[in-house]
Amino acid sequence: MCTNEWTRRSFLQTAAGTGVALSGAAALLRPEPARATERTAAAGTPERVVLTNVRVFDGQKLTAPRSVVIDYGVIGIAALGARTVDCGGATLLPGLIDAHIHLTDVTTLEQLAGYGVTTAMDMACWPPTLVNSLRKQAGLTDIQSAGIPAVAPGSLQAQIPGFPPAGIVTGPNQATSFVAARVAEGSDYIKVITGTPGVDGLDQPTLNAVTKAAHGFGKPVMAHATTAADVAMSLLAGIDIIHHVPLDTALTSAAAAQYVSGHRISVPTLTIMEGFANLGIPGLNYAAASGSVAALHRAGVRILAGTDSNHTPGIPVQPAYGSSLHHELELLVDAGLSPLEALRSATALPAQSFGYKDRGAVLPGYRADLVLVDGDPTTDITATRNIQRVWIRGIEYPPAA
């Protein structure tokens with residue numbers, strides 16, 4: 001590989017992918033956020049509320065105006081004794097889900113909540129005590145986390161100051177112990193970094209072994225893949241959810257067909273792909289990313305909305321928590337999804353993909369994670385930005401100004 005190509009790939013791998021894992025290292029230098037029990041007293045109180053004259057995107061379609069009952073923490077049926085809120089014909093959405101972020105502290109959750117992101121999937125954060133302190137925060141965004149990702153020895157990721165040695169996987173023989181340790185720490189899924197073997201990513205046998213071990217523990221696998229070659233390795237390994245899309249060349253219809261035949265899921269993170277392409281680095285082309293999404297969509301691949309939001313020092317692209325998800329939805333529509341499909345990519349589909357059976361739709365018995373917006377986002381996706389009210393498990397959270 002020529003020096004210019006190595007430099008380009010090194011920058012991309014460090015910044016767009018695992019550089020955001022620096023959030024874990026940076027977190028080691030900060031005091032841990034308040035525990036959930038400490039914040040509960042400051043959070044709002046769930047109550048019984050009936051929302052009247054509200055159109056509902058129920059995860060499948062937009063309904064005519066009707067009433068929805070928030071019965072403390074869940075969607076209810078009986079409105080007896082409920083406080084009434086006339087929504088004036090506004091649209092009620094299930095709480096939005098960002099399928100790719102990087103946690104830092106409780107402020108992360110607050111920023112997400114203010115923009116109606118009520119669930120988020122963290123893709124690299126450590127130590128485990130930090131991750132656990134951010135779980136189940138009353139009235140704030142709910143999370144899952146990969147914890148520590150698997151990286152190659154000698155890679156740029158392994159050289160990040162503070163990166164835990166437990167994340168360095170030297171070969172297939174370490175796959176099972178790596179996965180077992182992450183499971184013991186509470187990781188909800190396993191994250192791996194793909195790339196050129198021996199330069200910036202795990203080799204194919206190690207990817208295969210980590211994937212097999214994770215599946216043996218009943219855990220899905222997430223891959224960081226920012227080039228067409230990375231995607232090919234991820235598909236060959238049988239990885240479940242492939243994060244990012246190539247910035248070097250658009251995925252072919254044949255590659256998209258492999259997603260379909262293997263039941264693979266895509267989280268394109270177009271927001272951060274756009275950001276890196278706009279830096280003017282030779283070889284990074286946003287048209288490749290957008291074209292990849294178009295190819296995946298035409299093939300019928302499940303696409304989830306994710307932003308790669310981070311606050312990592314030294315990383316030139318830092319999508320803002322919460323607000324960037326609305327931009328992501330707009331980019332997905334630009335790439336060929338309909339507004340309704342984009343909404344599903346941030347509600348019903350990520351809920352299903354990450355094993356949630358209590359969110360992603362507005363149905364009786366589901367969590368009262370709800371976002372009230374002005375306008376009709378099923379025809380104009382930008383309407384998701386017009387947030388009037390947010391509820392997280394029945395607790396109302398003030399929308400971002």
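This section describes the predicted model of the protein, from its overall composition to its strand pairings and its nonpolar cores.

The predicted fold contains 14 helices and 16 strands. Of the 401 residues in the protein, 61% are buried. The accessible surface amounts to about 14200 Å², and carbon and sulfur atoms account for 56% of this area. When contacts between residues at least 6 apart in sequence are considered, 70% of them join residues at least 24 apart.

Confidence was examined along the chain. The mean pLDDT of the protein is 90, with 89% of the residues reaching 70 or more. Among the elements, strand β12 (residues 265–267) has the highest mean pLDDT, at 99, whereas helix α3 (residues 36–40) has the lowest, at 36. Two stretches in which pLDDT stays under 50 are residues 1–8 and residues 14–42. For residues 1–8 the model has nine contacts beyond four places in sequence; for residues 14–42 it has 83 such contacts.

Strand β1 (residues 48–56) takes part in several pairings. With strand β2 (residues 66–71), β1 pairs in the antiparallel sense over five bridges, and Val54 has Arg66 of β2 as its bridge partner. The pairing of β1 with strand β4 (residues 83–86) is parallel and comprises four bridges; here Leu51 is partnered by Val85 in β4. A further parallel pairing, over two bridges, links β1 to strand β5 (residues 91–94), where Arg55 stands opposite Thr91. Both senses of pairing rest on the same kind of interaction, as strands of a sheet pair through backbone hydrogen bonds, either parallel or antiparallel.

An open sheet is formed by three strands in the order β6-β7-β8, with parallel pairing. The edges are occupied by β6 (96–101) and β8 (142–145); each has a single partner strand, so one side of each is left without a neighbour in the sheet. From one strand to the next, the twist averages 15°. Between β6 and strand β7 (residues 117–122), the parallel pairing extends over four bridges, and Ile101 stands opposite Asp122 in β7. Helix α4 (residues 106–114) lies across β6, β7 and β8 and runs at about 135° to β7.

Strand β10 (residues 221–224) pairs with two further strands. Strand β9 (residues 190–193) is joined to β10 by four bridges, the two running parallel, and Val192 has Ala223 in β10 as its bridge partner. Three bridges join β10 to strand β11 (residues 241–243), again in parallel, and Ala223 stands opposite Ile242 in β11. Ala223 thus has a place in both pairings, with Val192 and with Ile242. In a regular strand the side chains alternate between the two faces of the sheet. In β10, Val221 and Ala223 point one way and Met222 and His224 the other, and all are buried.

The helices α8 and α9 were considered next. Ser234 is located in helix α8 (residues 228–237). With a relative accessible area of 0%, Ser234 is buried. Beyond its neighbours within four places in sequence, Ser234 contacts Thr194, Ala223, Ala225, Ile239 and Ile242. Two of these residues, Ala223 and Ile242, stand opposite each other in the pairing of β10 with β11. Ala255 belongs to helix α9 (residues 253–261). The relative accessible area of Ala255 is 12%, and this residue therefore counts as buried, the limit being under 20%. Although 20 residues separate Ala255 from Leu235 along the chain, their C-alpha atoms are 8.6 Å apart.

The largest nonpolar core has 79 residues. The residues with the most contacts inside this core are Val192, Ile239, Tyr259, Leu270, Val293 and Leu296. Beyond its neighbours within four places in sequence, Tyr259 is in contact with Val231, Leu235, Ile242, Leu251, Arg264, Ile265, Ser266, Leu296 and Val301. A second, separate core comprises 16 residues, among them Val56, Cys87, Ala90 and Trp391.

Note on methods. Residues numbered from 1 in each chain as written. Predicted model: local features only at pLDDT ≥ 70, side-chain atom pairs only at ≥ 80, totals over all residues. Heavy atoms only, no water. Buried < 20%, exposed > 50% of the residue type's maximum accessible area, 1.4 Å probe, protein only. Contact = heavy atoms within 4.5 Å. Areas by Shrake-Rupley, 256 points an atom, 1.4 Å probe, with all protein chains shown as cover. Pairing = 2+ DSSP bridges. pLDDT = per-residue confidence, 0-100. Axes fitted to C-alpha atoms, helices over the stretch in contact; angles between N-to-C directions. Core = buried A, V, L, I, M, F, W, Y, C linked by side-chain atoms within 4.5 Å.
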